[in-house]
Every structure is written in structure tokens, then in C-alpha cells.
Amino acid sequence: MLFVLDPTSPKFMVFEKLNEELLYFLQHSVAGGRFKRSLLSRHAVGQACWDNAKANNAGAKGDLTRDKFHKLFLALKEEAQAVRHQLFVTMQNNQNLNTFFSAPNRSLLSFLSDNSFKALKNLASHLYCSTKDLQGVITAANNKNIGNHFNDFRLINGEVCRACGMEKLAPFRAHVDDEEQWRADYDHQLCKSKYPLYAVHPDNLVPLCRTCNQDAKKAKDLFKCTNGLDRLALNPFTEDAHNFLTVEIENLLDPEPKAILKWNTRNAATLDKLNTWDDVYEIRNRVEGKYISIVNIIQDEINPSNAQELDVGVQSKTRQINANTLKRKEWAFWERKVFSAINAVDKSAFWAQLEFSNEQGEEGGEYIIQGD
Ligand SMILES: [Zn+2]
């Protein structure tokens, strides 16, 4: 994360309840026997999961929640009882995500057969994708659905994505009820395909902007590089990147000077985490891509008519930013970083280029008017 999540971020009760339900089921499946109602809790969430079955929903396509629980039960019956017990204990003992981030266990479920792992993954995915929206589950969780939770999350953490600081989580629409507002997708910090035990863990799910979640991260593993090497990751609730970043202007005398993002720490663990953050969300590519033309950025943001205006304008962009602005305005953090870097170098080269491009623009403008 560029900025940590607020420690008072609301937990989504639907996820808390579904997570408890999964743990309850694993505990009660240890003994084996036959698949029955009592494998799920007596509470409303257990009932909603049980009722959501092909048998109860004529015409349902594909397996529903109870069917997914049943398939996992059958797969686990093929395992020794000790393995079923180990699965329950593993989930029970690994509920603290802070502990996981500080000492990640990348092969938490390596003792499971492929068949059981797949059945667990299918169930976990169904709990997240479909079961969370069942009315019975929502009713049991103080009647708050994911849209309500998202609105609460945004009130506390702000409108801008905490992972990148570059995009709004979702556009806010005036004249539209809270219930109908658009919401961001929830990212599984530990992706559900590799860490199914955390598929509905309330601390594992973080609303992120569309680019972070859908374009950049996808199912990347926070704790393993694509080449298979282990790595560490920033804990979204306790560690962030913004204090370890520097932007510098390189190749000042070239026709196109570049803004370059660097890490300003030598601590090996922090560097490892920053590199993970960069790889997962493509931070460097996005920042350096946004500011690929310094001259254009100066023109768009300041539009100076002389060298002095350029100087004053750049300096004004280096002022400390109000914390609320950082929560409201996308790119605010990065823009200040880039303008501070511009302010630290000789700006006369930029002014020369601006004058040149302004002249070109005027000629181009005349051409367009003449061509009408
Ligand atoms: Zn983002």
C-alpha cells in the first residue's frame, strides 16, 4: 500500500460470519460419517448456506453453496482423519493476518491432496463470489451488504485507492442513494486461488481501484515471485510505502527529461517489500508513464506565460498536502513528488521547451482554423 489502511476500518460482518462458518464446517468434518445439516452451524448463516442448494432451487445451474460444502466433504473423506484434523487446526491457527505477513507460510495446505485442495478452492470461491450476497446471510450480518460496507470503508479511508494513490475507488454520484452507489472490487491480498483459507477472511479483503485490482494485480502472489522465489509484502494495515519513495529528474539536458521513481532505503526487508508492491501494482510503470513528458505536465498543471510564472507555479506545487486532500484527490501525492523533483533542478531547460512547444501550438492552431 502507498498508505496504510485506517486501523478503524470497518470489518465486513458477512465475511466474518462466512469465515466462522467455514471453520465450523472443517471442525465438524473431522469425524467423517455422512454429509448432514449439523456440519454447518445452527445459526442463520449456517441455515442460509444449507438452504442454498440445487435440491432447493429448481432450475439452478451448477452447484450452490451446500453442494460445494458437500463436494469438499466427500473429497476430505478420501483423506485420513489426521489430515482433516490438520486442515481444521491449520485454519484455526492462522487467523491472524499480521502474523502471516511477518512470517508467511507459503505452503500452508501442502499436506492436502490435489482433489481436496481443489474442492476447498471451489467452495471458498463460491462463498466469496455468491454466498456473500444471499439475503439470509446479509440479514444475519446486521443487514449490511457489501455496498453498505464499501460506503463505510470509503468514509474512513477516503475516495482514493490506498494501494496506488492514483485512482478513485469508484466514482461517487450525487442524487443517488447509498444503496445504489457504485463500489470498487474487493481485492484478496492473499489471492483465493492459492490461499483458499483466506477467501472470506475479513482482514484479507481490501477495496482497491480497478487498475490495481483488475489490470495490475489479478492473481499475483504477494509472497512468491513469478519465478518461484520467496518474497515479502507490505502489511496493508501496518506498513506503507510513501516514506521510502523519491522521484528524480534524469537526463535533464535531453529533449525529453524523465521522472524516475526510486526507493530511498537500504533496509533489505523493506526493499523486498517495496519491490513486491511495485511488481504487484506496477507502481513504477504507472508513475513514470503518467509523467513521461515533464513539459506537458508543466503546461497542463501550470500553463506559465513566462519563466517566473513557471518558477512560482512549480514551487506552489511542492507545498505540503493536506491529509484530507490525499484522501480525496487522485495523483495528489505523486504530483507533489514530481514537482518537488522538478523544483530541485534547473528549470530553464523546461522553459525553453515550453516556449518552443507554445510556438508550435500556435502555428498548429492557425492551421486548424484555416482548414475549417
Ligand atoms: Zn489503485
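This passage describes the domains, the nonpolar core and two helices of a predicted model.

The domain assignment divides the protein chain into domain 1, residues 13-217, and domain 2, residues 242-355. Between the C-alpha centres of domain 1 and domain 2 the distance is 39 Å. Each side supplies residues to the contact, 12 from domain 1 and 12 from domain 2. On the side of domain 1 that touches domain 2, six residues are nonpolar, two are polar and four are charged.

The largest nonpolar core contains 86 residues, and within this core C161 and C164 touch the most other members. Both domains contribute to this core, with at least three residues drawn from each of domain 1 (13-217) and domain 2 (242-355). When residues up to four places away in sequence are not counted, C164 touches L2, C209, C212, Y281, I283 and R286.

Helix 4 comprises residues 81-93. Its 13 residues, at 1.5 Å a residue, should span 18 Å, and the end C-alpha atoms are indeed 18 Å apart, so the expected and computed spans agree. Buried positions in helix 4 are R84, L87 and M91. Viewed down the helix axis, the buried residues of helix 4 fall within an arc of 55° and therefore line one face of the helix. Such an arrangement can be read against the general geometry of the α-helix: with 3.6 residues a turn, residues three or four places apart point the same way. The face of helix 4 turned away from the buried side carries A82, Q92 and N93, which are exposed. Cover for the buried residues of helix 4 comes from elements including helix 1 (13-29) and helix 3.

Helix 3 itself spans residues 65-77 and contains L74. H70 is also found in helix 3. L74 has 13 C-beta neighbours inside 10 Å and therefore counts as partly exposed, since a residue is exposed at 12 or fewer and buried at 20 or more. H70 counts as partly exposed because 17 C-beta neighbours lie inside 10 Å. Distances from these two positions to residues elsewhere in the chain were also computed, C-alpha to C-alpha. H70 and Y198 are 128 residues apart in sequence and 20 Å apart in space. For L74 and D254, the separation is 180 residues in sequence and 66 Å in space.

How values were computed
Residues numbered from 1 in each chain as written. Predicted model: local features only at pLDDT ≥ 70, side-chain atom pairs only at ≥ 80, totals over all residues. Helix = DSSP H or I, 4+ residues; strand = E, 2+ residues; numbered from the N terminus. Expected span 1.5 Å × (residues − 1). Arc of directions from axis to C-beta. Contact = placed C-beta atoms within 7 Å. Domains from an automatic or database assignment. Nonpolar A, V, L, I, M, F, W, Y, C, P; charged D, E, K, R; others polar. Core = buried A, V, L, I, M, F, W, Y, C linked by C-beta atoms within 7 Å.
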